[in-house]
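Visitor: I have a model open and would like to go through it with you. Could we begin with a single residue and work outwards?

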Amino acid sequence: MLQTILHGTPTDRPPLLIAHGLFGSGRNWGVIAKRLSDSRQVIAVDMRNHGASPWSDSHTYPDMAADLAEVIAAHGGRADVLGHSMGGKAAMVLALTQPEAVSRLIVADIAPVAYSHTQADKIAAMRQVDLAHVPDRATAEAQLGPLEPGLAAFFLQSLDMKERRWRLNLDALEANMGPILDFPDVAGQFTGPTLFLTGAASDYVRAESRDRIRALFPRARFAKIPGAGHWLHAEKPREFEAAVRAFLDMAEAG
């Protein structure tokens, strides 16, 4: 089963399962998960081929959805699910294929569509780090080369200096980049409450995707966080937390 980080204790409310994005980990969500655990248990996972979770040659969304379903089954059989980017796609596939496992769904800055950009350059940057000889994180950061602001620090969270290895299965992620950028052809709908929460400065969820979103998630709501890009939870954590909390409370009350 996936590596899990538990925040808080079980309550009479469904637990909140958090699925991180590509190159991330459950630890990246520690602050938000801890704050949201004041009213329910929060379960942050390391997705397959990330963090301390098992590695596999396969990295498809049906695989990742099945991984999430296994975690939910071990924690009562039903959960609210929050997924960002790659984790958001996995959460959508889970909700569409096993709707009985998902109470409410929050999708952070991703749509159920294929994307044309690539993340292969990020993998190439991580491969540039001389893991056998790098003496410290500052040297590793320099060896990563020029990256978008904040990305080097984000990647270095997955560098195990003691073991001199990445906590990322770069070979599998590179081999599966096509499926990661795509979205599988999944039949059915998820009719539970759903929030598509995006960064106002991000272009990951375009207006033309809304018809596709509503076809799969007929109760979808849309909200934007001003001043945030794709990494909205890291750039505007308080606003992100407030939006998630408000949606869960409203959906539960309604």
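Visitor: Which residues does Gln119 touch, leaving out those up to four places away in sequence?
Guide: In this predicted model, Gln119 touches Leu22, Phe23, Met177 and Tyr204, with residues up to four places away in sequence not counted.

Visitor: Where is Gln119 placed?
Guide: Gln119 is in the loop between strand E5 (102-108) and helix H4 (120-127).

Visitor: Is Gln119 buried or exposed?
Guide: Gln119 has a relative accessible area of 13% and is buried. The side chain of Gln119 also makes a polar contact of 3.5 Å with the side chain of His117.

Visitor: Phe23 was among those neighbours. Where is Phe23 found?
Guide: Phe23 is found in the loop between E2 and helix H1 (30-36). Phe23 is buried, at a relative accessible area of 3%.

Visitor: And what is the phi of Phe23?
Guide: The phi of Phe23 is near 70°, a positive value in a residue other than glycine. Most residues other than glycine have a negative phi. Ser85 also has a positive phi, near 55°. Ser85 lies in the loop between E4 and H3, and at 13% relative accessibility Ser85 counts as buried.

Visitor: Let us turn to the sheet. What is the order of the strands?
Guide: The order is E1-E3-E2-E4-E5-E8-E9, in an open sheet of 7 strands with mixed pairing. Strand E1 (4-7) and strand E9 (220-225) stand at the edges; each has a single partner strand, so one side of each has no neighbour in the sheet. On average, neighbouring strands of this sheet are turned by 20° against each other, direction ignored.

Visitor: In which sense do E2 and E3 pair?
Guide: Strand E2 (residues 16-19) and strand E3 (residues 42-45) pair in the parallel sense, over 4 bridges. Ala19 has Val45 in E3 as its bridge partner.

Visitor: How many bridges are there between E4 and E5?
Guide: There are 5 bridges between E4 and E5, and the two strands pair in the parallel sense. Gly83 has Val107 in E5 as its bridge partner.

Visitor: How many residues of E5 are buried?
Guide: In E5, 7 of the 7 residues are buried, so the strand is largely enclosed by the rest of the structure.

Visitor: What about E8: how many of its residues are buried?
Guide: For E8 the count is 6 of the 6 residues, so E8 is largely enclosed by the rest of the structure. In a regular strand the side chains alternate between the two faces of the sheet. Both faces of E8 are covered, with Thr194, Phe196 and Thr198 buried on one side and Leu195, Leu197 and Gly199 buried on the other.

Visitor: How does E8 pair with E5, and with E9?
Guide: E5 and E8 pair in the parallel sense over 4 bridges, and Ile106 stands opposite Leu195 in E8. E8 and E9 also run parallel, joined by 6 bridges. Thr198 has Lys224 in E9 as its bridge partner.

Visitor: Now the helices. Which strands does H2 lie across?
Guide: Helix H2 (residues 61-73) lies across E1, E2, E3 and strand E4 (79-84), and runs at about 155° to E2. Helix H3 (residues 86-97) packs on the sheet as well, touching E2, E4, E5 and strand E8 (194-199), and its direction makes about 145° with that of E4.

Visitor: At what angle do H2 and H3 pack?
Guide: H2 and H3 pack at about 75°, and their axes are 8 Å apart. The two helices are therefore roughly perpendicular to each other.

Visitor: Which residues meet there?
Guide: From H2, Tyr61, Pro62, Met64, Ala65, Leu68, Ala69 and Ile72 meet Met86, Lys89, Ala90, Ala91, Val93 and Leu94 from H3. By class, this contact has 12 nonpolar, no polar and 1 charged residues.

Visitor: One last residue. Where is Val129 found, and what does it touch?
Guide: Val129 is found in the loop between H4 and helix H5 (137-144), and at 6% relative accessibility Val129 counts as buried. Not counting residues up to four places away in sequence, Val129 touches Val134, Ala140, Gln143, Leu144 and Trp166.

Conventions:
Residues are numbered from 1 along each chain as its sequence is written. This is a predicted model: local features need pLDDT of at least 70, side-chain atom pairs count only at pLDDT 80 or more; totals for chains, interfaces and linings use all residues. Side-chain values use heavy atoms; hydrogens and water are left out. Buried means under 20% relative accessible area, exposed over 50%, partly exposed in between (1.4 Å probe, protein chains only). A polar contact is a pair of N or O atoms within 3.5 Å; within protein, one must be able to donate a hydrogen and the other to accept it, and residues adjacent in sequence count only if both atoms are side-chain atoms. Contact means heavy atoms within 4.5 Å. Two strands pair if DSSP finds at least two bridges between them. Axes are lines fitted to C-alpha atoms, for helices over the stretch in contact, and angles run from 0 to 180 degrees between N-to-C directions. Angles under 35 degrees count as roughly parallel, over 145 as roughly antiparallel, 65 to 115 as roughly perpendicular and the rest as oblique. Ala, Val, Leu, Ile, Met, Phe, Trp, Tyr, Cys and Pro count as nonpolar, Asp, Glu, Lys and Arg as charged, and the others, Gly among them, as polar.
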